[in-house]
Amino acid sequence: MKKFVSLLITVLLISSVLGFGVFAADYTVPFATTEPKIDGIIDDIWSIAEEIIPAEIHDDEDMCTGYVKLLWTPEALYALEVVKDSTLLDPPDEATFTNWVDLWISEKNTQTDSYDTDEGDYHVGIDFTGISMPYTGNPAIHDVVEFKVNLTSDGYITEVKIPFLTIAPAEPGHVIGFNVTFNDDIDKDGKRDSYATWMEQEGREGYYWSSTYLNTVIFGDIPTETEEPVAVEEPAAEAPAEAAPAPVAEAAPAAPAPAAQTGDISALLVLVSVTAAAGIAIAKKER
Ligand SMILES: [Ca+2]
Ligand SMILES: [Ca+2]
Ligand SMILES: [Ca+2]
């Protein structure tokens, strides 16, 4: 038995080296059986998604905290951003891009070294006052993205709908490149003091943000109940005095067929690193 276990471990290690199942996606996005309403209020459907927590902090441990969740449909990626930030400027509408969340997306997980090579590579940054920031990648995303920010008692909540530019209709198993960063102005001087990233950057100094170094995210399966809706039964009628034609059940509406997994999971996440200077030079947008 011991030999068998040892052999099994060896086989698994060799398989890993050969690349079988090594680079699993970092996050599985549930299919949105109900599309969330983009109103900055957390819908029930968000409970099916796991939290993504940007845990690598640069450079103040006291910075804002929170999480992001993702959902997908064939036409769009949905993001929920929940941030606890006790140092928002007051009044908030005088401050833009002092406290915000960045979503970095590569629809085809291109793994190229810049955001200029594919129309599916882009950035969606929205600050707590509800202003989006064109920064890098395909600017066309800003023509279609929908979002709403709500201030909360301890921070802000943002919901975002990001219609796909290049992969619609998306299929289960598709892999995208993805990262999220939180940004915080802590001393309220209008300049960022710290940021936190989901994709690790430690030890990767010298690299810049690019799709090469995005973590990977895979679209989960479409639930069976969504594939084959159950027809609603007509209630049984009283026995008629005369024979009547039996009621014909209505055909169930057509549902999207499950697509084959693309098996596109190839990505390794490497890190990006941004020097503080090259990090995120923010073009403040005049209101
Ligand atoms: Ca909502
Ligand atoms: Ca703050
Ligand atoms: Ca500051």
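Which residue in β10 is the bridge partner of Val 101? To find out, open this predicted model and begin with strand β5.

**Stop 1: strand β5**

Select residues 100–106, which form β5. Val 101 has Phe 182 in β10 as its bridge partner. The two strands, β5 and β10, run antiparallel and are joined by seven bridges. Next, display β6, residues 121–127. Strand β5 also pairs with β6 in the antiparallel sense, again over seven bridges. One place to check this pairing is Trp 100, whose bridge partner in β6 is Asp 127.

Now show the side chains of β5. Trp 100, Asp 102, Trp 104 and Ser 106 point one way, whereas Val 101, Leu 103 and Ile 105 point the other way. Seven of the seven residues of the strand are buried, so β5 is largely enclosed by the rest of the structure.

**Stop 2: Ile 105 and the nonpolar core**

Keep Ile 105 selected and display its surroundings. Apart from neighbours within four places in sequence, Ile 105 is in contact with Tyr 122, Val 124, Ile 162, Ile 176, Gly 177 and Phe 178. Ile 105 also belongs to the largest nonpolar core, a set of 52 residues. The residues with the most contacts inside this core are Leu 70, Trp 72, Ala 79, Ile 105, Val 124, Ile 162 and Val 217. Colouring by element shows where the core comes from: β3, β4, β5, β6, β9, β10, β11 (194–197) and β12 each give two or more residues to it. In soluble globular proteins, nonpolar side chains tend to be buried together.

**Stop 3: the loop between β5 and β6**

Return to the end of β5 and follow the chain into the loop that leads to β6. Two residues of this loop, Asn 109 and Gln 111, merit selection for their backbone angles. Most residues other than glycine have a negative phi. Asn 109, however, has a positive phi of about 50°, and phi of Gln 111 is near 60°. Are these residues buried or partly exposed? Asn 109 is buried, because 26 other C-beta atoms lie within 10 Å. Gln 111 has 18 such atoms within 10 Å and is therefore partly exposed.

**Stop 4: the four-stranded sheet**

Select β3, β4, β9 and β8. These strands form an open sheet in the order β3-β4-β9-β8, with antiparallel pairing. At its edges are β3 and β8 (146–152), each of which pairs on one side only. The twist averages 10° from one strand to the next. Within this sheet, eight bridges join β3 to β4, residues 76–84. Val 68 can be used as a marker here, since the residue opposite it in β4 is Glu 81.

**Stop 5: two cis peptide bonds**

Most peptide bonds are trans. Where are the cis bonds between His 58 and Asp 59 and between Ala 168 and Pro 169? For the bond joining His 58 and Asp 59, omega is about 15°; Asp 59 is in the loop between β2 (56–58) and β3 (65–72). For the bond joining Ala 168 and Pro 169, omega is about -5°. Pro 169 is in the loop between β9 (155–163) and β10 (175–184).

**Stop 6: Ile 222**

Finish at Ile 222, in the loop between β12 (215–219) and α3 (224–227). Ile 222 counts as buried because it has 22 C-beta neighbours inside 10 Å. Add Glu 171 to the selection: Ile 222 and Glu 171 are 51 residues apart in sequence, and their C-alpha atoms are 8.8 Å apart in space.

Definitions and conventions
Residues are numbered from 1 along each chain as its sequence is written. Chains are lettered from A and ligands numbered from 1 in the order in which they are written. This is a predicted model: local features need pLDDT of at least 70, side-chain atom pairs count only at pLDDT 80 or more; totals for chains, interfaces and linings use all residues. A residue is buried if 20 or more other C-beta atoms lie within 10 Å of its own, exposed if 12 or fewer, and partly exposed in between; C-beta atoms are placed from the backbone. Two strands pair if DSSP finds at least two bridges between them. Axes are lines fitted to C-alpha atoms, for helices over the stretch in contact, and angles run from 0 to 180 degrees between N-to-C directions. A nonpolar core is a set of buried Ala, Val, Leu, Ile, Met, Phe, Trp, Tyr and Cys residues joined through C-beta atoms within 7 Å. Two residues are in contact if their C-beta atoms, placed from the backbone, lie within 7 Å.
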